[in-house]
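Colleague: Got a minute to go through the salt bridges with me? Please put the model up.

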Amino acid sequence: MSNGVGSSTRMTKFNFTGVFSSKKEFNPGFYNWNRVIMRYCDGASFTGDVEKVDPATNLHYRGARIFNVILEELLAKGLYKASSALLTGCSSGGLASILHCDKFRARLPSTSQVKCVPDAGYFVHCFYPQFILPEIKTPVYIIIFMCVFLVFLCDSTCKSADCKRIDTALKVQNILAPKKADRHGSSSACKLNISNCSPTQLKRLQDFIKTLWSGLGKSSFNSTSRGMFINSCYSHCQTGNQITWLGDTASKLDNKAIAEVVSDWFYERNTTQLIDHQHKLPQECGVLPIR
C-alpha cells in the first residue's frame with residue numbers, strides 16, 4: 001500500500017491530460033465531456049467481492065462493490081441522462097474496462113451511445129481477456145502498447161498470484177519479467193534497456209507477441225464496432241499521456257495519432273484497425289510512462 005495504489009489515503013494527484021484533458025487543442029474529441037476517475041485500489045481490476053477480511057493485512061478485496069457504488073452515485077448525479085459515455089482505463093484499469101464494459105452499458109439508457117476503450121489492459125495470461133472479448137456486446141476499441149507484451153513475459157515459475165501483484169504504475173524497466181520468474185536476475189539488464197537483451201530473450205519476446213496476435217483473433221474484430229491500435233512503443237498507458245495521445249510521431253500509425261482514430265471510431269466517422277507490423281521489436285517513443 002505504500003506505493004499509493006492499495007489505499008486511497010496514499011493516492012497521489014491525478015493529472016487530467018490526454019483523453020482526460022479539458023482543452024480542445026489537446027483533446028479535440030472529448031474535451032468538453034464530464035470526466036470521472038475511479039481510483040484503483042482493489043488489486044483485481046474491480047472484480048473482488050470477498051466478504052472476509054485478510055487477517056494478516058486487514059485488506060478488503062471488494063473492488064466489484066467499489067465499482068458498483070461509484071456507478072450508483074454517478075447515475076444519481078446525472079449519468080442516467082448522458083447522451084454519450086466512454087469507459088476507459090489503463091493497465092489494470094484497461095482490463096477493468098473490458099471486464100465491466102457490458103455491465104456499464106446496461107446501466108445507462110438504451111438511447112445513450114456507450115463504448116469502451118481499454119488501454120494496455122489486454123493481458124493474455126491474466127484474467128484471459130481473449131476469451132471475454134468475443135462475448136462483449138458493447139463496441140470496443142483495443143489499444144495495446146509493447147509494454148503489455150512484456151508484463152507477463154515469464155516462465156513456468158510465474159504463478160497466477162504474481163499477476164495480481166503487478167503494480168499498475170511500474171516503469172518499463174520493471175515489467176519485463178516479474179521477480180518471481182527471474183530469481184537469479186538474468187533479465188535485469190534486459191529490463192533496463194532492450195538493447196541489452198540476449199537473442200534468446202528477444203526470441204521469447206517475439207514469440208509472446210505472436211501469442212498475443214493469436215489471442216486477439218480476427219473473429220473479435222469483424223465489425224465496425226470493433227477497432228484496434230497496436231503500435232510498438234516501449235512504454236505504458238499512453239491515452240492519458242498528452243504526448244502520445246495526440247502528438248508523438250513514433251507512437252502514430254499510418255500518420256494517425258491515437259486521439260484521431262479513437263474519436264473517429266466513437267463518433268462513427270471511421271473505424272480503423274491498425275497494427276505495427278514494421279517493427280519486430282519495441283520502439284522508444286521518447287516519453288516516460290504516465291503514473
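Colleague: What does aspartate 49 form a salt bridge with?

Modeller: Aspartate 49 pairs with arginine 65, and the closest N and O atoms are 2.6 Å apart. A salt bridge here is a side-chain nitrogen of Lys or Arg within 4 Å of a carboxyl oxygen of Asp or Glu. The pair links distant parts of the chain, 16 residues apart: aspartate 49 is in the segment before α1 (63–77) and arginine 65 is in helix α1. Helices are DSSP runs of H or I, at least four residues, numbered from the N terminus.

Colleague: Before we go on, what should I know about the model?

Modeller: This is a predicted model, where local features need pLDDT of at least 70 and side-chain atom pairs count only at pLDDT 80 or more, while totals for chains, interfaces and linings use all residues. Residues are numbered from 1 along each chain as its sequence is written, and side-chain values use heavy atoms, without hydrogens and water.

Colleague: Is arginine 65 buried or exposed?

Modeller: Arginine 65 is partly exposed, at 30% relative accessible area. Buried means under 20%, exposed over 50%, and partly exposed in between (1.4 Å probe, protein chains only).

Colleague: And which salt bridge does arginine 65 form with glutamate 51?

Modeller: One with the closest N and O atoms 2.8 Å apart. Glutamate 51 is exposed, at 55%.

Colleague: Switching topic, where does arginine 107 lie?

Modeller: In helix α3 (residues 101–107), with glutamate 72 in helix α1, so their pair ties together parts 35 residues apart in sequence. The closest N and O atoms of that salt bridge are 2.5 Å apart.

Methods:
Helix = DSSP H or I, 4+ residues; strand = E, 2+ residues; numbered from the N terminus.
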